[in-house]
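Student: Got a minute to go through this one with me? Let's take the helices, then the overall shape, then any odd residues.

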Amino acid sequence: MELGAGAAIGAALAVGLAALGAGIGDGMVTGSAVSSLARQPEARGSIMTTMFISVGLIEAMPIIAVVIAFILLGSVS
């Protein structure tokens with residue numbers, strides 16, 4: 001296997017696994033927020049704020065993975 005092909009497979013795996021992890025994390029955070037809102041509707045503001053911050057931090061992971069993949073592919077060629 002050539003070095004470029006290995007780098008392409010590694011980049012694809014990094015981006016795919018990061019997207020999978022972010023999807024699972026977003027689902028867990030959102031499900032927990034909805035459950036919390038069902039139990040304590042009066043705490044809606046703080047729960048939603050915490051949820052949006054958490055989802056934003058979780059979504060940073062695939063973006064960082066894409067940047068690393070581009071760096072990896074750029075350094076090979």
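**Helix first**

Tutor: This is a predicted model. Helix α1 has 37 residues and runs 54 Å from its first C-alpha to its last, close to the 54 Å expected at 1.5 Å a residue.

Student: How many helices and strands does the protein have?

Tutor: Two helices and zero strands.

Student: Which residues of α1 are buried?

Tutor: A7, A11, A18, A22, G25, D26 and A33.

Student: Why would residues three or four places apart point the same way?

Tutor: An α-helix has 3.6 residues a turn, so residues at that spacing share a direction.

Student: And what do the buried residues of α1 pack against?

Tutor: They pack against α2, residues 44–76.

Student: Switching to shape. What is the radius of gyration?

Tutor: The protein has 18 Å, where a compact globule of 77 residues would be near 11 Å. Its C-alpha trace spans about 60 × 15 × 5 Å along the principal axes.

Student: How much of the protein is buried?

Tutor: Buried residues are 19% of the 77. The accessible surface is about 5,200 Å², with 75% of that belonging to carbon and sulfur atoms.

Student: What about contacts between residues 24 or more positions apart?

Tutor: They account for 74% of the contacts with a separation of 6 or more.

Student: Back to D26. What is the nearest side chain of opposite charge?

Tutor: R44, 18 Å away. D26 is buried and has no salt bridge.

Student: Which residues does D26 touch, leaving aside neighbours within four places in sequence?

Tutor: D26 is in contact with V55, I58 and E59.

Definitions and conventions. Residues numbered from 1 in each chain as written. Predicted model: local features only at pLDDT ≥ 70, side-chain atom pairs only at ≥ 80, totals over all residues. Heavy atoms only, no water. Helix = DSSP H or I, 4+ residues; strand = E, 2+ residues; numbered from the N terminus. Rg over C-alpha atoms; globule rule 2.2 N^0.38 Å. Buried < 20%, exposed > 50% of the residue type's maximum accessible area, 1.4 Å probe, protein only. Contact = heavy atoms within 4.5 Å. Areas by Shrake-Rupley, 256 points an atom, 1.4 Å probe, with all protein chains shown as cover. Lys, Arg positive; Asp, Glu negative; His and termini not counted. Salt bridge = Lys/Arg side-chain N within 4 Å of Asp/Glu carboxyl O. Expected span 1.5 Å × (residues − 1).
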